Every structure is written in C-alpha cells, then in structure tokens.
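Please take a moment to turn the model below and follow its chain from end to end. The paragraphs after it are meant to be read with the structure in view.

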Amino acid sequence: MNTVFTPARLAVALGLSTLLVACGGNKEQATDTAAAKADTATAKEDLANIELAQTQEITINNGAEPESLDPHKVSGVPESSILRQMFVGLTSVDMDGNTIPGMAESWESTDNKTWIFKLRDAKWSNGDPVTAQDFVYSFRRLVDPEIASPYSSYLADAKIVNAQEIIDGKAAMDTLGIKALDDKTLEVTLSAPVPYFPSMMIHTSVKPVHQATVEKFGDKWTSPENIVVNGPYKLSQWQVNERIVLERNPVYYDDANTTINKVTLLAIPQPTTDVQRYKAGDVDVTGESLPSEQFVQLKNEFGSQVIVPPKLCTYYYEFNHTKAPFNDVRVRKALSLTLDRDIIVDSILKQGQKVAYQFSPEAIQGIKNYTPEWKSWDKAKRIEEAKKLLAEAGYNENNPLKFELLYNTNDQHKQLAVAASSFWKENLGFVDITLNNQEWKTYLETRRKQQHQMARGGWCADYNEASTFLNTLKSENSSNYGKYSNPEFDALLNKAFGADVTEEQRAELYNQAEAVLDKDAANIFVYQYVAPRLVKPYVKGFSGNDPLNYWQVKNLKIAKQ
C-alpha cells in the first residue's frame with residue numbers, strides 16, 4: 001500500500017537528526033579559498049614525487065549509461081564526464097577549474113567581440129592534424145537544424161553571429177561567425193561583447209569532431225572501431241548499461257604528461273550499490289553521490305577517502321509550463337512555498353548542501369545574489385498563502401490538485417521525491433501526487449518532449465559565470481525543457497550583454513532576472529550541490545578544488561600500494 005508521510009513521520013522513518021543550520025561569512029570563504037590553493041600546490045608536488053604502481057588502470061563509476069558519445073547530441077553530466085576524457089576544445093581547465101589552453105595555445109581580443117585563437121600543433125588519433133577548419137565544421141554542426149542538438153542554443157548564448165538565425169532556419173550555415181584564417185588560426189565573431197567567451201569554450205558541445213569520420217560512418221562514427229578523437233583517451237569498448245573502457249591515445253599532444261593507460265567507466269545509478277562495489281574493491285572512485293543515511297558511517301570508516309568537493313549545480317523541480325496544472329502561476333507558487341527545503345538540506349542530505357533561493361549558485365561568478373521576500377516568512381504564513389493561492393486556482397478538498405512527479409532512477413532522487421510529496425500532502429492536504437521513475441535516457445527524452453507535468457531537474461555550470469544557468473530559461477533556449485517563457489526575463493538577459501554594460505551592471509541585471517523567476521515560480525529551486533565521493537588512497541591527483549567538477553583522468557596517477 002502507499003504510505004503517506006508527514007514531515008515529522010518522514011524524519012523518524014529516515015532516521016533523521018535534529019536540524020542544524022550553519023552560516024559562513026566572506027572571511028571564512030577567503031580562508032577556504034587560500035587553503036584550497038595551498039592544497040592544490042601540495043597535491044601537484046606530491047604527484048611529481050609518488051612511486052607509481054606497475055599497472056596504471058582505474059575504475060570510476062560514472063552513474064548512468066550515456067545517451068550518446070556524440071558531443072553534439074548530448075546534454076547531461078554523465079556524457080560530458082566521458083567525452084571530456086576523449087576530446088579537447090579550444091580551452092580546458094586545470095585542477096582548480098581555471099581556464100587554460102586546450103587546442104588553442106593562445107587567444108586575444110581587443111573588444112571582446114572578435115576573438116582570435118591560435119591553435120597548437122596537435123593530431124587526431126588517426127594521425128590527421130587538428131586544424132581551425134575542424135572547429136568551423138564542428139560549430140556549424142552544433143547549430144545545424146538537421147542535427148537538432150539539445151545544446152544548439154549554446155552558441156546563441158555565446159553571442160556568435162547568426163547562431164540563432166541558423167538554428168531557426170533563417171540563415172545559411174556559412175554565415176555563422178566563425179572562420180579559419182589559416183590551418184592554425186581561428187576567428188570567432190560575436191554580436192555583443194562576451195568577456196568570458198574563452199571560458200565558454202571548455203564545454204562538451206564546443207569540442208571538435210573529425211569531419212571525415214562523421215561523414216563516412218554517420219551515426220556509427222562513435223563506435224569503438226570507428227571513433228577518432230583528439231584527447232588523451234580513445235574508446236576501446238562499450239558494453240551498454242555496463243561499462244565503457246578507454247585506452248590511452250599515444251598521439252595526444254600531451255601524452256608525455258599522461259600516466260594512466262586504461263580507464264573503465266561504470267554505469268551504476270544507485271549510490272548504495274556504488275558503495276558496495278567500492279568496498280569490494282571493484283571501484284576506485286565512486287560517483288558523485290553517496291547515500292545520505294550512510295554518510296556519517298562512511299566518514300568514520302574511510303576517513304580522508306570521503307571527499308566533498310564544491311559543485312556549481314542547482315537541484316530543482318521543473319514545471320511543464322505548457323499545460324495544466326502548471327501553466328497557472330498560483331499553483332506553481334503554492335508548491336514552491338510549501339516545499340521544506342531546510343529539512344531536505346539539513347536532515348535528509350546532511351552533506352554540506354545549501355538551500356537554493358535562486359537558480360544560480362551563490363558561489364558562481366558574476367552574480368549579485370537574490371533573496372525572496374518569502375524566505376523570512378514562517379511555516380504557518382507560507383502554508384496560509386499557498387492554500388489561498390490554490391483556492392483561487394480552483395483546488396480544494398472536493399477538487400484536489402493531482403499531478404505526476406518524474407525523476408531518473410536513483411535512490412536519492414526517489415528519497416527526495418517521497419519527501420517532497422509528504423511536505424505537499426501534509427501542508428496542503430488536497431494534493432494527490434504520483435511518482436514516476438525512468439532510466440536516464442528515457443527520462444531526458446520525456447522532458448525534452450514536454451511529456452511530463454513536474455520533473456526532478458539539475459543544472460550544472462558549463463562555465464563559471466551566472467549566465468550558464470539563467471540562459472537555459474530563456475524562451476527559445478534548447479535546454480528549456482519546461483518551456484518557461486517571460487519576455488521580461490528574456491529582455492533582462494539580452495540587456496546584460498549590451499556593449500556599455502559593466503560587470504556590476506550585469507550582476508544587477510542577473511539579480512533582477514532571478515527576481516522575475518521567483519515572481520513567476522518558474523521552477524522550484526531546492527538546493528545547491530556538493531559532490532561527495534569515495535576515492536581510494538592510491539588514486540592521486542583527484543582534485544576537490546574545481547567548482548565545475550571537471551575531473552580529468554589525464555591528471556591522475558595510481559600510486560604503488
């Protein structure tokens with residue numbers, strides 16, 4: 001039978017402790033940053049001096065079966081984590097998440113609108129040189145309407161000339177603002193100044209693909225026997241729903257500084273199973289989600305093997321704005337007001353997450369943080385206002401609010417969905433919620449086609465600037481699966497890229513955009529992530545200081561045990 005939990009009963013059922021609230025100020029944050037940099041320096045020194053194991057192989061849980069290994073046909077973190085090992089874009093990141101040269105050795109711009117990238121001498125895994133034309137082809141492919149990339153809007157958000165017009169079928173492909181001046185010089189032209197444009201070039205969607213291979217093999221170009229890459233590792237095996245195996249690419253430009261020869265990436269969605277496999281010695285690095293009910297025990301048992309890196313991600317519940325009941329702002333706002341985020345963060349997760357009152361994480365660059373008025377309301381006032389809103393929308397004991405909540409298969413997502421349902425049922429009474437879990441690829445497709453009512457969502461930064469979050473809720477953005485649309489919000493983001501807008505003014509415009517999202521209850525923002533993992537002590541170089549969580553196996557080494 002179905003069990004209805006009140007928040008109090010839920011706490012008892014899950015074995016939750018008393019609520020604890022911790023606050024930190026700027027001084028503490030500055031100290032943490034300095035300590036993180038010191039840790040990184042120490043880690044690099046340690047890496048240079050460790051005695052290596054004879055066998056340099058590693059097994060990492062990647063959390064899900066990827067929907068594709070084509071950089072232009074994916075949108076999720078599991079896919080990006082694999083592709084980051086195989087492909088290198090114009091820029092990359094170091095162990096602290098700072099933007100560093102990738103295929104481009106250097107770049108320059110006098111106006112933040114026209115960017116010139118100078119490419120290094122590098123080869124594809126088949127021996128072909130990596131050229132500026134590879135990037136022209138790949139960027140055009142990303143916005144090609146026939147490809148229908150879920151990340152096609154990325155180049156429009158980057159303000160590359162004619163990107164949106166090409167996506168909309170209103171301009172020819174060769175009008176995209178990208179040009180190969182010669183084999184090693186790439187020119188990118190923007191319609192508005194974007195000072196952080198080089199940092200946007202770290203993302204999966206703007207990594208180059210090998211044109212001849214794509215054109216020869218079509219959809220089969222990512223098969224192990226066909227794929228051509230320009231990164232440190234090449235695909236050697238792909239067992240669906242089980243494992244992906246990568247082997248070292250000997251012609252990678254920085255192979256001399258790469259140590260691990262073989263990488264096995266598992267598709268284990270359940271954190272409890274992941275931990276069991278770690279304890280059994282089958283996994284060297286777990287996925288970025290540890291069971292909350294085991295967290296204290298794991299810290300006691302494994303000590304420093306438990307790491308909790310920062311992560312610029314926000315967990316939310318996404319409304320489908322295209323149909324009832326969530327095309328009514330009153331319904332959306334009522335559910336947002338009565339979700340008890342504090343219990344979720346402080347009593348269920350208990351791993352350092354923070355309550356989210358805005359879409360952009362508070363630690364991301366370029367944001368002036370927004371605080372909603374209702375944050376100061378007590379529980380009784382929130383419930384009173386929520387019931388009033390639902391009554392105005394026509395919902396009551398005789399006409400309860402009914403909807404389905406979708407989430408991808410994962411114990412923690414299920415746990416939070418059960419908790420959210422219990423809060424709404426306890427606080428509002430006349431709410432009937434059906435939970436629906438789907439495997440990763442099916443779940444993504446359901447959201448993209450707007451076949452859901454409410455869905456668990458999570459967005460992680462593509463680069464360290466607030467627009468990476470806010471852009472996804474613009475009306476025409478390809479990542480806007482809930483189809484939220486407000487011309488006021490769109491106008492604020494478009495204004496943020498004006499030629500004369502300062503960084504301070506842009507931050508204020510972002511703040512105003514967050515206020516519009518709150519007014520509209522665009523989604524229910526729940527918490528800001530951390531990325532807890534278990535890492536074997538012989539795995540060296542797994543940094544906990546990158547807020548983007550862009551780990552790279554080429555930086556790791558296996559120490560002699």
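What follows is a walk through the domains, some paired strands, the aromatic rings and a few backbone details.

The model is a predicted one, and the whole of this description should be read with that in mind. The domain assignment of the protein gives two parts, with domain 1 made of residues 57–265 together with 533–558, and domain 2 covering residues 310–530. Between the C-alpha centres of domain 1 and domain 2 the distance is 29 Å, and 32 residues of domain 1 are in contact with 28 residues of domain 2. The UniProt record, in an unreviewed entry, lists residues 100–479 under "domain: Solute-binding protein family". Over that stretch, residues 100–479, the chain is 30% helix and 21% strand, while the C-alpha atoms at its two ends lie 27 Å apart.

A good place to begin looking at detail is the set of strands E8, E9 and E10. Strand E8 (residues 233–239) runs antiparallel to strand E9 (residues 243–248), and six bridges join the two. Within this pairing, tyrosine 233 stands opposite arginine 248 of E9. The hairpin formed by E8 and E9 has three residues between its strands, and in it asparagine 241 takes a positive phi near 65°. On going further, one finds that E9 also pairs with strand E10 (residues 262–266), again in the antiparallel sense, over five bridges. Here isoleucine 244 has leucine 265 in E10 as its bridge partner.

Valine 245 gives a closer view of this region, for its place is in strand E9. Is valine 245 buried or exposed? Its relative accessible area is 3%, and since buried means under 20%, valine 245 is counted as buried. If neighbours within four places in sequence are left aside, the contacts of valine 245 are Lys234, Leu235, Ser236, Gln237, Lys262, Val263 and Thr264. One of these residues, lysine 262, is 17 residues away from valine 245 in sequence, yet the two are 7.2 Å apart in space when taken from C-alpha to C-alpha.

Serine 236, another of those contacts of valine 245, can serve as a reference point for a distant part of the sequence. Proline 537 lies 301 residues from serine 236 in sequence and 27 Å from it in space, C-alpha to C-alpha. This proline 537 is found in the loop between strand E18 (533–534) and strand E19 (539–540), and with a relative accessible area of 47% proline 537 is partly exposed.

The aromatic side chains come next. A search of the whole structure finds 28 aromatic pairs. In one of them, phenylalanine 403 and tryptophan 424 have ring centres 5.9 Å apart and ring planes at 65°, so the pair is edge-to-face. This pair links distant parts of the chain, because phenylalanine 403 belongs to strand E14 (residues 401–408) and tryptophan 424 to helix H14 (residues 411–428), 21 residues apart. Phenylalanine 403, at 3% relative accessibility, counts as buried, and tryptophan 424, at 0%, counts as buried too. Ring pairs also connect Phe403 and Trp424 with Tyr315, Tyr317, Phe319, Phe326, Tyr527 and Tyr529 into a cluster.

Rings can also have a charged side chain over them. Arginine 84 lies over the face of tryptophan 551, at 5.5 Å from the ring centre, and arginine 506 lies over the face of phenylalanine 497, at 5.9 Å from the ring centre.

Some loops of the model hold backbone details that deserve a careful look. Alanine 324 and proline 325 are joined by a cis peptide bond, with omega about 5°, and proline 325 lies in the loop between strand E12 (310–319) and helix H11 (329–337). Lysine 159 is a residue other than glycine with a positive phi, near 70°; lysine 159 sits in the loop between helix H5 (153–157) and helix H6 (163–167), and at 12% relative accessibility lysine 159 counts as buried. Glutamine 450, likewise not a glycine, has a positive phi of about 55°. The loop that holds glutamine 450 runs between helix H15 (440–448) and strand E16 (454–460), and at 17% relative accessibility glutamine 450 counts as buried.

Key. Residues are numbered from 1 along each chain as its sequence is written. This is a predicted model: local features need pLDDT of at least 70, side-chain atom pairs count only at pLDDT 80 or more; totals for chains, interfaces and linings use all residues. Side-chain values use heavy atoms; hydrogens and water are left out. Rings of Phe, Tyr and Trp (its six-membered ring) pair if their centres lie within 6.5 Å; planes under 30 degrees apart count as stacked, over 60 as edge-to-face and the rest as tilted. Helices (H or I, at least four residues) and strands (E, at least two) are DSSP runs, numbered from the N terminus. Buried means under 20% relative accessible area, exposed over 50%, partly exposed in between (1.4 Å probe, protein chains only). A charge sits over a ring if NZ of Lys or CZ of Arg is within 6 Å of the ring centre and within 35 degrees of the ring normal. UniProt positions are given in the numbering used here, feature names are shortened, and annotations may be inferred rather than shown by experiment. Two strands pair if DSSP finds at least two bridges between them. Domain bounds come from an automatic or database domain assignment. Contact means heavy atoms within 4.5 Å.
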